[in-house]
Every structure is written in C-alpha cells, then in structure tokens.
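Visitor: Could you take me through the backbone oddities and the cysteines here? I would enjoy a close look.

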Amino acid sequence: MVDYSDYEEGFENIRFKDTLLFQTRIHHLAISNKGPGKLEYIWQVLPQEPSKATHTLAEGAAPAEATGAENLLANITALQGILKSISIPDKQGLSSETLMSSSCDAAPFSVEPWCGVIPVESEQKFIIKFSPTEVKEFETHLLFSIPNLRRDRECPVLTIRGRSLLPYCHFDLEDSDYISSNRRNPELEGPGGTPPGITLDPNTRVIEFTAVGVMTKNTRSFVIMNPTNFDYSFQWVAETSQDSRVIPSFFCHT
C-alpha cells in the first residue's frame, strides 16, 4: 500500500508591485506536507485560464465539445500521468529558469525550487521571482502538481501578476545587501547633507569597494543602459557635503 500525499498552505494569488525593467522582486511561499507519505511536487505552467483541478471528470459528463475548463482538466490529468512515471529527483539538475523558459506564458516569473520532495510533517519554502525585461502587464498560472495527492483533494493553482515600468536608465550592478542588512554606519551623513541616522531609500543602488591599506587606488566598472527611445546627457553630482580642502575619496572617470 502506498501512502498518499497531502498539503497544508494558504494559496493566495500574488500581485507584485510595479517593477522597473531588469529589476527583481521576490515573494516567499511555504507549503507543508500533512500526509502520511512523502510529497513529491513539480510546478507546471498552465497555458490558459485556470479552474479547480481534480483527478477525474464527473461521472456521465460526455459533452460533444470540450469547454476551456475541461481542456485544462485534461492537461492536468495528462500531466499527472506523466509525473507518475518520472522520478522527481532525476530532474533536480534542471533549474527553475529552464522550466520557465520553456513556456512564454511563465516569463518573467520563476520559482525556486521548482521540483523536489517534502518529507512527512515538514515544510518547504519557495521563492517566487518577478524579473521583467519588457514593458507590459504579465500574468501566469502555475499548477502545484502532486502525483500522489489524495483523491478528494485538488492540485492548487497559483495566479501571479505583475507590471513592469520603463526607467530612464538602468544601472547594471551586482546585488548588494549593504543597506538591507544594516551594514551601513548609522553615523554617516545621508544624501544632500542630511543628518546621520537617516534611513536611506531601500531602492538605492550600492557599489562596494574592498581596499587594503591607504594611498591605494581601486577601480570598479559598471554599465548604464538607456532603455528609452531618445538620447539624453548626464552629469554626476555629489550629494554628500564636500570640503574643498579635502580630495574626494570617490570620483567617476566617465
């Protein structure tokens, strides 16, 4: 006898805040295994409007033409049949980007991890990312498919939405937790000579230098992209108070 799988969560549709091109927003989701057996799962992109997923069609239902909901149901049933013949751990080498890139309906969303096993009475935390590369409204539907789910339970479907915005410029920089992890010295002045202790805008981009000793020069290079359809000029302006008698510690060559 094979133990069935069951889950406990609060599946709520996700609406990401408006996001600039080439930036990433993150949403966290946790799912628990409440069944007597291990819970194998895989996230699957649904190409059409979702409806509640069940394992079998209602008895006596034999329409001349399949409706949209029934087409979706057939896709889910076929997917579950495929999953039963596949060993989930064999797919661990694939990434969520590989899964999502296989369907234009999923871009620019991704899930990590996208497949795996949740042990009995354990919880799996997921990271859902929104990383737009074009300006538009996005929507996708993800099926959390469980091959050995209880017959009276439904595979949950998660709807994700997001809208991208076009920035005037994009700074292609490495991610830094300098601000989010509170590594910044609170005694430092803020932009424009604001007094110490002022919290910086969390959207502030950071370039970090690592230097050993004094009287040394360290250089960092980065790219600024103009995603608009017009040219513009730029000028670097220091927002910290400057002492004309002191040589600035930072300056830009371009």
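Visitor: To begin with, how many disulfides does the count come to?

Guide: Happy to help, and please keep in mind that this is a predicted model. The count comes to zero disulfides, taking a disulfide as a pair of cysteine sulfur atoms within 2.5 Å. Let me add how two of the cysteines sit. Cysteine 169 has a relative accessibility of 31% and is therefore classed as partly exposed. Cysteine 252 falls in that class too, because its relative accessibility is 38%.

Now to the backbone. Most peptide bonds are trans, and most residues other than glycine have a negative phi. One peptide bond to look at joins glutamate 112 to proline 113: this bond is cis, with omega near -10°. You will find proline 113 in the loop that links strand 6 (109-112) and strand 7 (115-118).

Two residues are worth a stop for their phi. Phenylalanine 22 is not a glycine, yet its phi is positive, near 70°. This phenylalanine belongs to the loop between strand 3 (19-20) and strand 4 (25-33). With 33% relative accessibility, phenylalanine 22 is partly exposed. Asparagine 182, also not a glycine, has a positive phi of about 60°. Its place is the loop running between strand 11 (170-172) and strand 12 (223-225). The relative accessible area of asparagine 182 is 68%, so this residue counts as exposed, the cut-off for that class being over 50%.

Note on methods. Residues are numbered from 1 along each chain as its sequence is written. This is a predicted model: local features need pLDDT of at least 70, side-chain atom pairs count only at pLDDT 80 or more; totals for chains, interfaces and linings use all residues. Side-chain values use heavy atoms; hydrogens and water are left out. Helices (H or I, at least four residues) and strands (E, at least two) are DSSP runs, numbered from the N terminus. Buried means under 20% relative accessible area, exposed over 50%, partly exposed in between (1.4 Å probe, protein chains only).
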